[in-house]
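Hi everyone, thanks for making time. I'd like to walk you through a structure you probably haven't met yet, so have it open on your screens.

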Amino acid sequence: MESNSMNLKVTPRRVDDSTQALDLEGEVDVYTAPILRQEIMDQVDAGVKGLLVNLEKVEYLDSTGLGILIGGVKRMKEQGGAMKLVGPSARITRIFEITGLNRIFDVYASESDALASGGAAGG
Amino acid sequence: MSSSSSDASPSSGGIPTPGTVTLTIPCSPEFVGTARLTILGVAGRMGFSYDQVEDIRLAVGEACANAIERSNRRRGGPPADGQTPEHSISIRSSVDAGRLVVEVEDDVPSGNAAAGAAAAALGGAGDDVNPVELGALLMEILVDEVSVEPATEGSGTRVRLVKYAAGDS
């Protein structure tokens, strides 16, 4: 189900039989991060093996959002799946780099790149 | 108000007018965006690059989030919907010739476990990644100076962030 607050909209989307996407739009911060956490947990609980988190329209991401993404990667891994991040802006890519999280996150420029990479979230 | 000629623009290369802008927000997540908007306005006057302004915006957001986290921890969870936040955060931005100083001061009592949580996180190198530590790490990287000290008044915490106009970090 789509979740919406004034500052963040999260829209789940089925990509293929084994892959689900979450399209994010807006700001992921201490206020809106609980929405993202819930959406990721819903996918985990539904047994999704491949989750693409689409960051193309995310304008702001703080440590709370980073923490949720780390939790998502961990939970997906625990159930034998994988979570991939798609299309972060240069700004958010920089945040991944300065925190060293680019070594933990599986980041792709586009959804087709993520799908082509194989693995649980790929084709 | 009519548009002014370009030489009246404060960002046309001149030295920004010294001054202080203070904003007080309830210690609650939905107000952090307002604090970030204010800092965007202040930092935008200083001739910082886009990345530098964004760095300051994120650092201030992290300092506010840190106060909220300590408040929640003290309370044992976030406030219920509709409940008035019991604490507040004051964001004081001082502009002078070469730097922007932002002091983010809260009135969350820093007793026992909450004491110096931000400072501990700044110095900590634990294996577990948690948002408070990540936030502290981000503040350290994004601005030129960070210090965490007791609030000037009361028993809260003050996070002081300094960004130099000439710096590129």
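**A walk through chains A and B**

Let's start in chain A, where strand β4, residues 50-61, and strand β5, residues 82-86, run parallel and are joined by five bridges. Before I go on, please keep in mind that this is a predicted model. If you want a spot to find that pairing on screen, look for G50(A), which stands opposite A82(A) in β5(A).

Now the helix. Helix α2 of chain A, residues 63-78, packs on the sheet and touches β3 (19-28), β4 and β5 of chain A. The direction of α2(A) makes about 145° with that of β5(A). Which residues of α2(A) are buried? They are S63(A), T64(A), G65(A), L66(A), I68(A), L69(A), G72(A), V73(A) and M76(A). While we're looking at spacing along a helix, here's a handy rule: an α-helix has 3.6 residues a turn, so residues three or four places apart point the same way.

We can also do a little ruler check on this helix. At 1.5 Å a residue, the 16 residues of α2(A) should span 22 Å, and the end C-alpha atoms are indeed 22 Å apart, so the two agree. After α2(A) comes G80(A), which has a positive phi, near 75°.

Zooming out, the sheet in chain A is open and has six strands, in the order β1-β2-β3-β4-β5-β6, with mixed pairing. At its edges stand β1 (3-4) and β6 (107-108) of chain A; each has a single partner strand, so one side of each is left without a neighbour in the sheet.

Okay, over to chain B. Chain B has four helices and five strands, and from the N terminus on its elements run β-α-α-β-β-α-α-β-β. Chain B has 169 residues, and 40% of them count as buried. Among the contacts in chain B with a separation of 6 or more, 67% come from residues 24 or more positions apart.

How are the strands of chain B ordered in their sheet? This is an open sheet of five strands, β1-β2-β3-β5-β4, with antiparallel pairing. The edge strands are β1 (19-26) and β4 (145-150) of chain B, and each pairs on one side only. From one strand to the next, the twist averages 15°.

Let's take the β1 edge. Eight bridges join β1(B) to strand β2 of chain B, residues 88-95, and the two run antiparallel. Here P26(B) stands opposite S88(B) in β2(B). On this sheet packs α1(B), touching β1, β2 and β3 (99-106) of chain B, with its direction at about 170° to that of β1(B).

One residue I'd like you to click on is I25(B), in strand β1 of chain B. Is I25(B) buried or exposed? It counts as buried, because it has 20 C-beta neighbours inside 10 Å, and 20 or more is what the cut-off asks for. Setting aside residues up to four places away in sequence, I25(B) touches F31(B), T34(B), A35(B), S88(B) and I89(B). The C-alpha atoms of I25(B) and H87(B) are 9.0 Å from each other, with their positions 62 residues apart along the chain.

At the other edge, β4(B) and β5(B) pair in the antiparallel sense over six bridges, and V146(B) stands opposite L161(B) in β5(B). These two strands form a hairpin with six residues between them, and G154(B) in the turn has a positive phi of about 75°.

Next, α2(B). This helix lies across β2, β3 and β5 (157-164) of chain B, running at about 175° to β5(B). What about the core? The largest nonpolar core has 72 residues, and those with the most contacts inside it are V53(A), A59(B), V60(B) and C64(B). The largest share of this core, ten residues, comes from α2(B). Leaving out neighbours within four places in sequence, V60(B) is in contact with A35(B), R36(B), I39(B), I91(B), V102(B), V104(B) and L161(B).

Last stop: where the chains meet. Here 18 residues of chain B are in contact with 14 residues of chain A. On the chain B side, α1 (32-43), α2 (50-75) and α4 (131-142) each supply at least two of the residues that touch chain A. That side of chain B divides into eleven nonpolar, four polar and three charged residues.

That's my tour, and I'm happy to take questions.

Methods: Residues numbered from 1 in each chain as written. Chains lettered and ligands numbered in written order. Predicted model: local features only at pLDDT ≥ 70, side-chain atom pairs only at ≥ 80, totals over all residues. Pairing = 2+ DSSP bridges. Contact = placed C-beta atoms within 7 Å. Axes fitted to C-alpha atoms, helices over the stretch in contact; angles between N-to-C directions. Nonpolar A, V, L, I, M, F, W, Y, C, P; charged D, E, K, R; others polar. Core = buried A, V, L, I, M, F, W, Y, C linked by C-beta atoms within 7 Å. Buried ≥ 20, exposed ≤ 12 C-beta atoms within 10 Å, placed from the backbone. Expected span 1.5 Å × (residues − 1).
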